[in-house]
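Biologist: Can you pull up the model so we can go through it together? I've got a handful of questions.

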Amino acid sequence: MTAPSAQSPLLLEARALSFYRQDEPVFGPLDFRLHEGEVVLVEGDNGSGKTTLLRVLAGLLHIDEGELLWRGGRWLRDAYLGDTLFLGHHLGLKADLSARENLAIAGGLYGTRDGVNANQVLADVGLPGYEDEPVRRLSAGQKKRAALARLLLLPATLWLLDEPYANLDRTGIELVNRLLEQHATRGGAALVTSHGAVSFLSGEPRRIRMHA
Amino acid sequence: MSQAPLAPACAALLRRDLTLAWRRRGDIAMPVLYALIVVTLFPFALGPEDALLQRIAGGVVLVTVLLAMLLALDAMFRSDIEDGSLEQLVLAPQPLALMLGMKILAHWLTTALPLIVIAPLLAGMLHLPAAVMPVMLLALLLATPLLSLLGAILVALTAGTRRSGMLLALMLLPLCVPVVIFAAGAVAAAQQGLPWLAPIAWLGAALALALVLAPLACAAALRIALDA
C-alpha cells in the first residue's frame, strides 16, 4: 500500500534524533525520512519509546539531540502546526459532548477539508445513528472511531497515530487501513505505532524499529 | 483545504466550554450554594445586630465570593489534561494564549458571574446600605476576573503535578491578598462616604495588566507541563 517513490517530495526527516528523560535515553539516535504518500510503521516493545517519539514529532516534547527537518527546512512549530494531526492514547474527546460536537470543535480549531462534513465522516467511520449520543455512552471502540473521524475531517498532511488499532474490532482495523490508504493516495503521510509483531497493514509497509 | 480562521476558533472553544458547563449545571451551582450558606451563617454566629453586620457586610461578601471562586479554580484545565483535549488545543494552528484566554473567559462566565448576580442578595442579607451596592458590584466585576486570570497561571503551573490542590492554595494566598485589600478598601471607603475611586482604579490597572500577560504566562506554563 505504500509505494515510497523517489519522486515524491520529502516531508519529514530526522537526523540522529534522541530523547532523554532525566538523562536516561528513551530512544535514539534515530534516522529516518518520510515522503509524501508514505505510511511508515513504528515498531517496538512496550517502553521502547514509540509514544515518546510521536510526542516529540508532534511538537509536544522538546528535541534533546539531533535535528528535525520539515519539508526540507528547519522544523518550526508555527509552520508545522495544523499540517500535522496527532492521535494519542488520550483521544481528546469530551465525554459530555456528542461525537458531532467534538468534531465541530476540532474543525473550528484546525479547519476542515473541503467538501466533507461531520455527518459524512461519522458515517464513514461507522458511527451513523450515534452522532448525537454523548461520547461517554459509546464503547471504547466507538470512541476510537469518533476520534478517527477527525482524521477525515481535518486538513492535515502528516498523521501521527499512536496505537490506532487498539480497542478496534476487525472492521475497525480495516477502517484504519482504508483511511491510511486513502490518505497515502492523496499525498499524505503517516507514522503509525504498533507494539505487536503483527502489522495489520496490507502489503509490506516500511518500518522503523525502536529498541529500548 | 481551508485554514481555520481565528474568530470562529475562539467562538467554537468558548461555546464548547459553556456547553460543557451547562451539561454539568450542578457544578456551577456549587460555588453559589457555598456563598449563600456562608453568608447565611454569619448573622447566626454573630447575632442579628444591624450595626455590626453592616460594618462587616462588604468584606464578608467579597471574601465569600472570592473563596467560592477558588472552589472551582482547580478544575480549570484538569479535565482537558485528563482526556487529551489540551494536547489537541496546544497542537492546533491557533495562538495558544488567546485560546487559553477564551477558556479563562468561559471559566469566569460560569463561576464568577453567577456569584456576582447573587452578590446583591448576599449583601442585602447583611444589611449593606443600598448606596454602597454599586461600588461593591464594580469591585467584584474587576476583582473576580483578576482572580480568574491570576488563578489560571497558577493552575497552569501546577498542572503537571498530581494533588496540586494544596500547592495551589498556598501559592494563591499572597496573590489574593492585594485583590481583597483593594476591593474591600473601595467598599469600606464608599460606606464611610470617602472617595473610593483610587482602589477601584488600582484593581482596573491590575486587571488590564493581567488580561494581557496572564494568558501568555498560562500558555508557556502549560507547554512546559505537557513537555514532561
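**Talking through the model**

Modeller: Here we go, and keep in mind that this is a predicted model. To start with the contact, 28 residues come from chain A and 26 residues from chain B.

Biologist: Which element of chain A gives the most to the side that touches chain B?

Modeller: By class, that side of chain A has 15 nonpolar, 9 polar and 4 charged residues. As for the element that gives the most, it puts in 6 residues, and it's helix H3 (residues 99–110) of chain A.

Biologist: Where in chain A is confidence highest?

Modeller: Chain A has a mean pLDDT of 86, with 92% of its residues at 70 or more. The low end is helix H2 (residues 77–80) of chain A, with a mean of 78. The high end, at 94, is strand S7 (residues 158–161) of chain A.

Biologist: Why do S6 and S9 of chain A each have one side left without a neighbour in the sheet?

Modeller: The open sheet has 5 strands with parallel pairing, in the order S6-S7-S8-S3-S9 (chain A). The twist from one strand to the next averages 20 degrees. Strand S6 (84–87) and strand S9 (206–209) of chain A have that free side because each stands at an edge, with a single partner strand.

Biologist: Which residue in S7(A) stands opposite A:Phe86?

Modeller: S6(A) and S7(A) pair in the parallel sense, over 4 bridges. Opposite A:Phe86, in S7(A), you'll find A:Leu160.

Biologist: At about what angle does helix H1 of chain A run to S8(A)?

Modeller: Helix H1 (residues 50–58) of chain A lies across strand S3 (39–43), S6, S7 and strand S8 (189–194) of chain A. Its angle to S8(A) is about 155 degrees.

Definitions and conventions. Residues are numbered from 1 along each chain as its sequence is written. Chains are lettered from A and ligands numbered from 1 in the order in which they are written. This is a predicted model: local features need pLDDT of at least 70, side-chain atom pairs count only at pLDDT 80 or more; totals for chains, interfaces and linings use all residues. Two residues are in contact if their C-beta atoms, placed from the backbone, lie within 7 Å. Helices (H or I, at least four residues) and strands (E, at least two) are DSSP runs, numbered from the N terminus. Ala, Val, Leu, Ile, Met, Phe, Trp, Tyr, Cys and Pro count as nonpolar, Asp, Glu, Lys and Arg as charged, and the others, Gly among them, as polar. pLDDT is the predictor's confidence in each residue, from 0 to 100. Two strands pair if DSSP finds at least two bridges between them. Axes are lines fitted to C-alpha atoms, for helices over the stretch in contact, and angles run from 0 to 180 degrees between N-to-C directions.
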